[in-house]
Amino acid sequence: MTSNSGSINPFETAQRQVDIVAKVLNLDAGTTSILKHPKRELTVNFPVRMDDGTYRVYTGYRVQYNMARGPCKGGIRYHPQVSLDEVRALAAWMTWKCAVVNLPYGGAKGGVICDPKHMSKGELERLTRRFASEISPIIGPEMDVPAPDVYTDSQTMAWIMDTYSMERGYSVPGVVTGKPLSIGGSEGRGEATGRGVMYVVREAAKDLHLDVKKATVAIQGFGNAGSVAGNLIQKELGSKIIALSDSRGGIHNPAGLDIAAVEAHKQKTGSVVNFPGSNPVGNEEILTLDCDILVPAALENQITRDNAKGVKAKIVAEAANGPTTPEADDILFANKVTVLPDILANAGGVTVSYFEWVQDLQGYFWEVHDVNTRLEKVMSASYRAVADLAQKHGVHNRTAAYVLAIGRVTEAMRVRGIYP
Ligand code: NAD
């Protein structure tokens with residue numbers, strides 16, 4: 001899924017967000033300027049041998065935004081619309097996301113301009129290995145640790161880990177996260193994002209005195225993040241999932257949907273639509289259904305100034321990145337809707353990535369129960385910190401999350417001082 005949204009330059013958006021927070025935190029112009037610029041950017045143009053024997057030159061980027069709090073962390077995406085400004089913005093957001101959940105990491109992002117849907121597995125492997133080799137001077141367990149993102153997966157990470165390891169002559173599992181279990185991946189990584197969403201929903205419901213066992217839930221997007229969140233909200237919180245959707249459309253049943261049965265239906269037919277006993281519902285309509293908890297888990301810019309007034313949920317938990325526009329944020333805040341912002345709500349994924357890296361460095365691997373218990377602690381504590389800050393400053397949770405994150409990065413920069 002791309003985060004390109006029309007003509008809006010995502011990096012300008014990211015820089016504007018820093019300006020807003022700098023005012024709240026009363027930061028000086030110099031500090032604000034550092035926070036608005038990526039520390040290091042690498043652009044590489046590199047050849048890949050295609051299946052027909054010809055060579056093509058691809059362009060890729062790795063941007064390390066800020067490493068005041070530790071090694072950089074962030075995914076690598078393969079997409080035709082990757083641009084340097086998009087990668088810069090995503091690297092900034094990774095910096096704030098890691099800081100919100102208090103991981104000892106800075107933020108980074110990478111991307112290659114390519115069309116993976118029209119490339120063979122062999123071409124993708126050669127592209128990945130050459131890109132890994134090109135960026136290898138600036139990645140590594142102590143420097144910058146990539147992970148999967150749009151159109152990259154655990155196989156991509158395995159190729160990067162192998163390439164980096166071959167160049168050094170020994171295995172370096174901690175160079176990437178999101179790896180297969182057989183080469184140092186972590187238990188619980190696959191469901192970490194959705195599980196994290198469930199934990200913050202549970203904590204927010206407590207604050208609102210909302211009985212989760214009686215709560216109704218609508219979920220837009222039934223991929224990795226949305227389906228795991230839905231499953232766990234139903235199983236572990238006891239809430240009723242009344243609506244779900246994917247790119248082909250949605251389904252609604254006020255009496256509740258059995259997620260496991262919907263998953264089986266999707267496996268068989270390729271979509272949730274036409275699930276027996278449900279009524280069809282549109283992907284826009286799902287956002288304004290009568291429900292207590294809404295989980296946008298698909299695309300960016302879904303809740304906008306045009307439909308925000310119609311949102312009836314008491315909690316909006318952003319499993320997706322950027323599903324709510326700034327204008328919609330203000331409307332939801334005025335209507336007393338509790339928004340759990342993306343950099344908090346979907347940080348479960350990067351948190352378990354951090355656990356994976358810790359396990360790789362120790363060479364000692366945890367059971368899934370340990371992973372989930374630690375994830376629960378991180379998500380609950382982070383929710384508490386954000387909610388308390390929102391209360392203190394009288395701002396919405398998104399601003400509070402940014403204030404918390406940027407405040408932590410600023411503090412690390414302050415105690416370290418400016419070199420030389
Ligand atoms: P995914 O590709 O597994 O799932 C996306 C789902 O959205 C699919 O079910 C797809 O059919 C559906 N979809 C596509 N277009 C839609 C539309 N117009 N309306 C409704 N549904 C639509 O992706 P994912 O990994 O679940 O990621 C979803 C969101 O969560 C993205 O914004 C991603 O950045 C964010 N996120 C994911 C993770 C993770 O670990 N998977 C971590 C952090 C953030």
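A polar contact here is a pair of N or O atoms within 3.5 Å. Keep that cut-off in mind as we walk through this predicted model, starting at the ligand.

Asn-321 is a good place to begin: one of its polar side-chain atoms sits 2.9 Å from a ligand oxygen. The backbone joins in too. A polar backbone atom of Ala-225 is 2.8 Å from an oxygen atom of the ligand, and at Ser-247 a backbone N or O atom lies 3.0 Å from a ligand oxygen. How much of the ligand's accessible area does the protein cover? On its own the ligand has 820 Å² of accessible area, and the protein covers 73% of that. Two elements give two or more residues each to the surrounding shell, namely α7 (224-235) and β7 (240-246).

Now for the shell as a whole. It holds 19 residues, and those that come nearest to the ligand are Thr-193, Asn-224, Ala-225, Asn-283 and Asn-321. Sorted by class, the shell has 10 polar residues, eight nonpolar ones and one charged residue.

Let's leave the ligand and look at how some helices pack. Two packed helices are described by the angle between their axes and the distance between those axes. Take α4 (residues 121-135) and α5 (residues 154-168): their axes are 9 Å apart, at an angle of about 45 degrees. Angles from 65 to 115 degrees would count as roughly perpendicular and those under 35 as roughly parallel, so α4 and α5 are oblique to each other. The crossing of α4 past α5 is right-handed.

Further along the chain there is another pair to look at, α11 (residues 348-362) and α12 (residues 368-393). These pack with axes 10 Å apart and an angle of about 130 degrees. That pair is therefore oblique as well, and α11 passes α12 in a right-handed crossing.

Two backbone details round off the tour. In the loop between α1 (10-25) and α2 (29-35) you'll find Asn-26. What is unusual enough to point out about phi there? For Asn-26, phi is near 60 degrees, a positive value in a residue that isn't glycine. Then jump to the segment after α13 (397-416), where Pro-420 lies. Is the peptide bond from Tyr-419 to Pro-420 cis or trans? That bond is cis, with omega near 0 degrees.

Note on methods: Residues numbered from 1 in each chain as written. Predicted model: local features only at pLDDT ≥ 70, side-chain atom pairs only at ≥ 80, totals over all residues. Heavy atoms only, no water. Near = heavy atom within 4 Å. Polar contact = N/O pair within 3.5 Å; in protein donor to acceptor, adjacent residues only side chain to side chain. Areas by Shrake-Rupley, 256 points an atom, 1.4 Å probe, with all protein chains shown as cover. Helix = DSSP H or I, 4+ residues; strand = E, 2+ residues; numbered from the N terminus. Nonpolar A, V, L, I, M, F, W, Y, C, P; charged D, E, K, R; others polar. Axes fitted to C-alpha atoms, helices over the stretch in contact; angles between N-to-C directions. Parallel < 35°, antiparallel > 145°, perpendicular 65-115°, else oblique. Left-handed = near helix turned anticlockwise from the far one by under 90°.
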